[in-house]
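Trainee: I'm new to this one. Can we go through what the labels rest on?
Mentor: Sure, let's have a look.

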Amino acid sequence: MDWSFVLTQTLTQAIGIQAIIYCLAAIGLNVQFGYTGLLNFGQVAFVAAGSYAVGVIVLTFDLSLWLAIVVGVIVALVIALILGIPTLRLRADYLAIVTIAFSELVRLTVRSIAFKDVLGGAQGLNGKLGQDFHDTNPLPADFQSLPVLSWTRQDLWVVIVGWILVALFTLLVWLLVRSPWGRIVRGIREDEAAVVSLGKNVFAYKLQALMLGGVIGAFGGIVWAVAKQSVQPDTFRPEFTFFAYTILLLGGAARVFGPIVGAILFWMILAGTGEFLGQAIQAGWIDFLQPTDVGNIRFVLMGSGLIALMVFRPQGIFGDRRELALDAK
Amino acid sequence: MLIAVRAAVSALVLAVLSLLGVTILGASAAHAVDATLVGNFTAPDGSSIPDVSITVSDDAGFSDTATSDANGDFAIPLPGGGTYAIEIDVTTLPDGIALETPEDASRSLLVLGGEKKIITKLVEGEGGGGNDGGFLDVSGDQVLQLLFDGVLFGIMIALGALGLNLVFGTTGLTNFSHGDLLTLGAFTALILNEAGLHIIIAAPIAIVIAAVLFGWGQNKVLWRPLRRRKTGLIAMMIITIGLAIVIRYGVALFFGGAPRNFNQYAGQAGIEIGPVSTTPKALILAGLATIALILTVIWVQRSRIGKATRAVSDNPALASATGIDVEKVIAVVWTLAAGLAAFSGIYLGLTQDNIWNMGQRVLLIIFASVILGGLGTVYGAIIGALVVGVFIQLTSLVIPTEMKTVGALFVMIVILMIRPQGILGRRERVG
């Protein structure tokens with residue numbers, strides 16, 4: 001049993017690339033669900049939009065990554081419009097069903113053989129997707145590795161820029177929720193009728209929240225594509241969205257730092273249990289499990305955690321119960 | 001290249017790995033069984049072929065049948081090394097696709113251990129159409145066949161949709177784990193079946209167990225206490241998500257990632273009725289399911305508790321004031337919903353196969369049905385399911401088979417734009 005390996009892996013993943021991707025998706029959800037009360041179960045569609053924008057623009061059309069980022073943002077905005085216009089006037093559960101259906105629709109479409117030439121089919125798009133970004137890497141070429149944290153030179157650069165992105169979006173959300181705009185969207189969450197009676201266009205505010213959250217989610221997808229240099233359709237399953245929800249609810253919805261705390265804790269727990277179980281099985285401590293069971297166990301743990309959170313502490317670790325009066329509207 | 005990698009790892013492991021994107025698991029991703037037969041069906045144009053049936057057996061009495069998944073991949077766990085007879089059911093290949101060497105349909109293979117990949121080369125030609133899914137020369141028979149398949153599929157979906165709508169009607173809960181009730185029902189039957197009971201005996205027992213344990217029990221342990229605590233509906237919806245994930249990956253943990261068949265009727269010979277070909281089991285199941293649907297409708301319309309159910313759906317507070325025991329009605333509805341879901345799951349397991357994510361695969365189709373028919377309505381669920389079932393089958397004339405579901409989901413979104421209350425829903429429900 002290699003305890004130091006378990007520990008360093010856990011730490012590396014807790015603040016690693018995956019944590020950043022999920023954190024960005026959760027910041028987007030925080031705007032949509034935490035502050036505005038929109039039950040968006042299709043956040044992964046926005047993430048996929050970001051990833052595929054990078055894949056298609058850079059690989060299929062051989063254009064610059066920076067253009068791809070612009071396209072990713074535009075596609076996310078368009079998706080938010082397509083999703084929002086028919087559903088934001090309806091009740092919360094309709095939005096939930098339609099967004100989850102839309103995210104699956106996106107996944108099934110991008111992996112389809114019909115668009116294989118552009119979108120790569122079930123194999124996705126693989127190649128030098130993030131080259132433009134990795135060329136800007138200022139780290140010394142002979143960089144080996146940090147103590148404890150086992151990132152390559154390339155990964156470390158992604159991690160640094162990723163956390164800067166997280167900080168920028170967190171700052172943006174912080175500024176927004178303190179502004180009149182933030183007060184109105186929180187008002188919509190608490191009592192839509194009251195906001196309507198003040199003469200506000202509730203629909204427009206909801207749409208803006210959906211678009212902003214979607215764009216932040218798309219940046220998660222962009223980071224993913226750049227870091228992994230690959231876009232795989234089947235990574236964009238609905239489970240991604242529910243991971244992001246768990247992260248948001250763990251840290252505390254409607255809290256500016258909720259997604260950051262949630263993402264780090266979530267990956268610490270997930271990576272920790274995964275590494276520990278994997279090592280324990282290899283060391284022969286647990287003989288009734290196979291190494292392939294570890295993935296399933298982590299999912300079961302995560303689902304149980306989500307249930308327990310909602311039942312016992314819906315406001316999360318740092319949340320305020322008064323702030324988050326979860327109810328169908 | 002990636003196809004090879006995909007085939008080399010079971011679909012489940014890949015899904016988990018790629019979702020988590022963790023490289024560290026890669027090192028520990030060994031095989032769950034000593035030996036596995038893997039392979040892939042890909043058409044000459046590069047598209048994956050799902051639902052191709054392949055059977056492996058050996059002299060010692062081992063026999064297992066699997067079907068290729070949406071990626072065209074299949075994986076069959078073997079008890080260990082040895083010589084196996086492998087048989088590909090060429091009738092399950094799509095029209096216009098055949099084996100390059102017909103002898104490949106049946107072969108003998110020595111497996112030493114680990115993952116043994118078999119190569120199956122497919123060519124265009126033989127049997128039917130020959131054109132790759134072109135829709136310009138669709139025959140009338142083909143349309144009839146798809147209509148027939150669509151109605152049968154719709155009846156199965158209706159069982160699930162009806163239960164979902166009953167629960168929604170009485171409690172307002174949109175249950176995202178309803179699909180996994182199908183899985184639980186099917187795997188309950190599978191456990192009984194593998195314990196030696198014939199599926200004809202195992203199925204009704206499983207339905208009763210599922211109804212009591214996963215319906216009545218689930219309501220008693222989870223939902224009733226939450227309602228007492230006045231937990232909000234959105235919080236409950238998120239809880240159903242967590243529950244769905246626990247059930248799905250719990251089933252995967254205990255039963256593995258490979259699809260399983262019931263011991264009986266797995267490969268039943270087809271029959272021809274006029275221009276339509278089907279199997280006896282599909283007809284019998286559709287008949288039984290229709291009876292179950294009709295009985296449920298009569299129960300809701302005529303029986304005392306059925307009427308109480310409708311009263312609770314309309315206005316729980318008023319129903320309670322007139323002396324109806326709302327909690328009792330909800331308990332009955334949960335029991336019924338889980339029973340219907342279990343029936344639907346066994347139906348799905350008998351006509352396709354039992355796999356950990358079988359319920360998730362149909363959940364969105366169930367949602368599309370109830371939104372089309374009207375969320376919370378009894379007749380709406382049935383009509384919506386039949387329309388969606390037929391629609392899904394018929395769209396395969398014009399779009400690739402793998403995108404069938406996309407059409408249904410797209411229509412659902414369009415319906416919400418035009419008539420959000422669905423065909424039979426009432427305006428005020430939409431709010």
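Mentor: Start inside chain A: helix 2 and helix 11 of chain A are roughly antiparallel to each other. Keep in mind that this is a predicted model.

Trainee: Why are helix 2 and helix 11 of chain A called roughly antiparallel?

Mentor: Helix 2 (residues 17-35) and helix 11 (residues 202-228) of chain A pack at an angle of about 170 degrees, their axes lying 7 Å apart. Angles over 145 degrees count as roughly antiparallel, so the label fits.

Trainee: What sort of residues make up that contact between helix 2 and helix 11 of chain A?

Mentor: By class, there are 15 nonpolar, 7 polar and 1 charged.

Trainee: Now the two chains. How many residues does each give to the contact?

Mentor: Chain B gives 64 residues and chain A gives 72 residues. About 6,000 Å² is buried between them, with 73% of that coming from carbon and sulfur atoms.

Trainee: What makes Arg248(B) and Glu239(A) a salt bridge?

Mentor: The closest N and O atoms of Arg248(B) and Glu239(A) are 3.0 Å apart. The cut-off is 4 Å between a side-chain nitrogen of Lys or Arg and a carboxyl oxygen of Asp or Glu, so this pair qualifies. Across the interface of chain B and chain A, the rule finds 1 salt bridge.

Trainee: Which helix of chain B gives the most to the side that touches chain A?

Mentor: That's helix 7 of chain B, with 16 residues. By class, the side of chain B that touches chain A has 45 nonpolar, 14 polar and 5 charged residues.

Technical notes:
Residues are numbered from 1 along each chain as its sequence is written. Chains are lettered from A and ligands numbered from 1 in the order in which they are written. This is a predicted model: local features need pLDDT of at least 70, side-chain atom pairs count only at pLDDT 80 or more; totals for chains, interfaces and linings use all residues. Side-chain values use heavy atoms; hydrogens and water are left out. Contact means heavy atoms within 4.5 Å. Buried area is the accessible area (1.4 Å probe) that two parts lose on being put together, summed over both. Helices (H or I, at least four residues) and strands (E, at least two) are DSSP runs, numbered from the N terminus. Ala, Val, Leu, Ile, Met, Phe, Trp, Tyr, Cys and Pro count as nonpolar, Asp, Glu, Lys and Arg as charged, and the others, Gly among them, as polar. Axes are lines fitted to C-alpha atoms, for helices over the stretch in contact, and angles run from 0 to 180 degrees between N-to-C directions. Angles under 35 degrees count as roughly parallel, over 145 as roughly antiparallel, 65 to 115 as roughly perpendicular and the rest as oblique.
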